[in-house]
Amino acid sequence: MSMESPAQTARADTDPIVEVRNLQTAFYTDKEVIRAVDGVSFDLTPGETVGIVGESGSGKSVTARSMMGLVDNPGVILAGSSIRFTHLETVREFATKFSRRTVDVEELEAEHDVRSLLERPGIDVTPAQLGYDSVESMTIADLLAAGYGDQLGLTDGDDCVFITEQSSGEVVDGFIEITRLEGKPQRAMRGGKIAMVFQDPLTSLNPVYTVGNQIKEALRLHQDLSGRAATKEAISLLEAVGIPDSRRRVAEYPHQFSGGMRQRAVIAMALACDPEVLICDEPTTALDVTIQAQILELLEELQEKRDLAIMFITHDMGVIAEVADRVNVMYAGETVETADVHTLFANPKHPYTEGLLQSIPGRQEGDRLQTIEGNVPTPNEPPTFCRFAPRCPKAFESCDSVHPVSVPVESGVDDHTAACLLYPEDVSEIDRIERHSETQSTEGEH
Ligand code: SF4
């Protein structure tokens, strides 16, 4: 947790710790390019849970894996994507540890301006691609984070720490660009600063080592603890996640734990790294309803104690209602609606969100969301139409020829957006279509 006084940092406690902008992750096969995540943007803030919801194939898990640096061949995070980790203590730590990969952005800003950089031959990125309305809103840091610094000769391929403000020689603001991490900085970030809990605890647990040894390994790697101190901490972590008789349990193997206990042990392993951000990918899907409720309660308690930023992925709107503060609804690689959880449930706007809410079953055990007719399409082309159109009960003519972009559902309501040609709803249909078409034409090809 940050111990900075206001004078030492340019960021407030309520500022996001992770800023995802225009994330595009594609998979190249012999036959086609699958745009699994296509222009996704959102923030994670300490103490808050962002729920990511959608059917299988909507891009939720690829978004998480992109944040963890776990996208394997043939997957690629495309240029123009940015995932900034802004936790000041970590930025300072990385700037010291990885000084050769650290860039002083203030220096570059004194020497260059964005407009002239964008006019250089071969640079065809547009402000819209980086999520801005105009060149004036962009900074050199945006170009660097999105990978264009290499093309412009401002950064080397492995630069990943960007210092944007210093005072008396001390870093006051900056970020680590997660999409540029590899090697040691990536290992330090993955697990150490951002940890992930998967659906199947057996994916994370090695059957041949005791649970205690696996937690102690995480403590050794990320907190430099070993011997008795590590054993003591492993026991107290098992206690913290509600495992009874943890002194005995610490010496047991994963097969001696029940499903719910294993997921608790995995959460203890994630916490052993003392992360700032916890990504939970369907962590309760394989558990029965009672154990699911206990795990959700545990995550809430841990978040409160540790001020964790949590990203919670699920296909289950019932779970979202319980855990999320804000919700991003994803469909075919795109975010189609975002709002705070109460607004989303009380006043959903995107036809897909409406469908998801209407398909919440009687909350009986084992129900899944299967009542929207048809399937999520494979997003294998740049979008030139609404990807939900073939399943949408409200589709009209323009839906087949205009790609909707995220807009406020009503003019001036910036924290509730929908990517649908029906919005903003206080604007005439002609103006709405024009607005979506204009933004689409400045997006260009990725
Ligand atoms: S843009 Fe058209 S097809 Fe797409 S969700 Fe909105 S109304 Fe439905």
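**Exercise 1.** Among contacts in the chain between residues at least 6 apart in sequence, what percentage join residues at least 24 apart?

*Solution.* Two residues are in contact if their C-beta atoms, placed from the backbone, lie within 7 Å. Of the contacts between residues at least 6 apart in sequence, 66% join residues at least 24 apart. The model is predicted: local features need pLDDT of at least 70, side-chain atom pairs count only at pLDDT 80 or more, and totals for chains, interfaces and linings use all residues. Residues are numbered from 1 along each chain as its sequence is written.

**Exercise 2.** Compare the radius of gyration of the chain with the globule rule.

*Solution.* The radius is taken over C-alpha atoms, and the rule is 2.2 Å times the number of residues to the power 0.38. For 446 residues, a compact globule would have a value near 22 Å; the chain has 22 Å, which agrees.

**Exercise 3.** Locate Asn22 and Glu282, and classify their burial.

*Solution.* Asn22 is not a glycine, but has a positive phi of about 50°. Asn22 belongs to strand S1 (residues 18–28), strands being DSSP runs of E with at least two residues and helices runs of H or I with at least four, numbered from the N terminus. A residue is buried with 20 or more other C-beta atoms within 10 Å of its own, exposed with 12 or fewer, and partly exposed in between, C-beta atoms being placed from the backbone. Asn22 has 21 such atoms and is therefore buried. Glu282, with phi near 50°, lies in the loop between strand S10 (277–281) and helix H13 (289–306). Glu282 has 19 other C-beta atoms within 10 Å, so Glu282 is partly exposed.
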